[in-house]
Amino acid sequence: MSSSIDEVFHGFTEHSFTHNNETKIFYRGGQGPAVIVMHEVPGIYPGVVEFARKVIAQGFTVFMPSLMGTPGKEIGVGYSLNTIARLCVMKEFTVFATNKTSPVIEWLRALARYAHEECGGPGVGAVGMCFSGGFALGMSVDKHMLAPVLSQPSMPFALNKKLKSDIGLDEESLAQVKARVRDENLCVLGLRFSKDFMVPDERFKRLKDELGDNFIAVDIDSSLGNPHGISPVAHSVLVYDNVDQEGHPTRQALDQVLAFFREKLLTAS
């Protein structure tokens with residue numbers, strides 16, 4: 001039996017935020033420094049909300065914007081395929097271009113500034129997943145972004161050699177992020193399954209080449225015959241394909257994300 005919208009978002013409040021005449025809704029819950037939780041395809045389905053609750057339980061305020069889809073709607077094949085089709089034609093998202101930052105990141109940066117003003121603390125964190133997986137990198141041009149997490153960053157779609165190594169950032173923004181890595185010791189956490197064709201080896205190698213040791217790569221073995229029986233087509237590290245079992249690589253990855261937020265936002269001076 002599917003849950004009602006009220007049940008899915010119990011404990012969260014719905015708000016709207018406008019920047020540059022662009023208005024989107026977001027869901028807010030918890031207390032403490034802010035973490036922006038950006039959903040994966042097809043939208044804020046119940047599993048994404050449960051992930052957000054785990055972030056809240058660590059002592060954070062979650063700001064969870066709805067970037068596409070129907071908030072609270074259960075995930076399904078038809079729903080997901082329809083959302084992907086819409087994603088490909090939405091001007092807010094850079095799906096097929098190289099060396100370009102998705103326009104929606106400007107709105108997300110403004111939301112992060114607002115969240116930091118609202119919640120205080122040393123700064124904010126952000127986690128993107130799937131199509132939004134690389135957005136936290138673009139948000140890292142701002143000094144208050146202290147804990148960016150890139151979970152299965154899938155855009156631009158890896159349709160050719162250039163796109164496979166692209167990290168969804170224009171040259172100026174990349175230079176600003178690299179300056180923060182050099183001058184402020186900014187760290188970026190990245191997660192993926194090793195055989196996920198949507199997050200090719202070339203993309204993680206490029207992130208490592210650009211950010212050096214400050215790019216912390218979590219590469220979960222999904223090759224055939226891997227010890228944990230993870231499917232070669234596994235994609236969603238923190239939500240759909242996450243296994244809440246002690247010692248499982250996806251549980252360890254989730255724990256690492258939560259520890260990253262605590263280290264950067266709760267223990268930072």
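In the predicted model, the buried residues of helix α2 are P46, V48, V49, F51, A52 and V55. These buried residues pack against α1 (5-8), β3, β4, β5 and α9.

The sheet is open and is formed by 8 strands in the order β1-β2-β4-β3-β5-β6-β7-β8, with mixed pairing. The edge positions are taken by β1 (13-19) and β8 (215-220), each of which has a single partner strand, so one side of each is left without a neighbour in the sheet. From one strand to the next, the twist averages 20°. Strand β7 (residues 188-193) runs parallel to β8 and is joined to it by 6 bridges. Within this part of the sheet, L189 stands opposite I216 in β8. Helix α2 (residues 46-56) packs on the sheet, where it touches β2 (22-30), β3, β4 and β5. The direction of α2 makes about 155° with that of β4. Helix α9 also packs on the sheet, in contact with β3, β5, β6, β7 and β8. The angle between the direction of α9 and that of β6 is about 165°.

The largest nonpolar core holds 46 residues, of which I36, M38, F93, F131, F135, L137 and M139 touch the most other members. Two or more residues of this core come from each of β3 (34-37), α4 (104-119), β5 (124-129), α5 (135-139), β6 (145-151), α7 (171-184) and α8 (201-211). The most is given by α4, with 8 residues. Beyond four places in sequence, I36 touches F63, P65, L111, A112, A115, G125, A126, V127 and M139. A second, separate core consists of 38 residues, including V127, V218, V239 and F261.

Residue A253 lies in helix α9 (residues 249-266). With a relative accessibility of 1%, A253 is buried, because the cut-off for this class is under 20%. When neighbours within four places in sequence are left aside, A253 is in contact with L191, V218, I220, V237 and L238. Of these contacts, V218 is also listed in the second core. The C-alpha atoms of A253 and N242 are 8.9 Å apart, and the two residues are separated by 11 positions in sequence.

Residue T61 belongs to strand β4 (residues 61-65). The relative accessible area of T61 is 2%, so this residue is buried. Outside a window of four places in sequence, T61 touches R28, G29, G30, Q31, G32, P33, A34, V35 and C119. One of these contacts, G30, is located in strand β2. In contrast to the buried T61, G30 is partly exposed, with a relative accessible area of 37%. The value for G30 falls between the limits of 20% and 50%, which is why the residue is assigned to the intermediate class. Apart from residues up to four places away in sequence, G30 touches I56, F60 and T61. Between G30 and Q58, the C-alpha to C-alpha distance is 9.4 Å at a sequence separation of 28 residues.

Notes. Residues numbered from 1 in each chain as written. Predicted model: local features only at pLDDT ≥ 70, side-chain atom pairs only at ≥ 80, totals over all residues. Heavy atoms only, no water. Helix = DSSP H or I, 4+ residues; strand = E, 2+ residues; numbered from the N terminus. Buried < 20%, exposed > 50% of the residue type's maximum accessible area, 1.4 Å probe, protein only. Contact = heavy atoms within 4.5 Å. Core = buried A, V, L, I, M, F, W, Y, C linked by side-chain atoms within 4.5 Å. Pairing = 2+ DSSP bridges. Axes fitted to C-alpha atoms, helices over the stretch in contact; angles between N-to-C directions.
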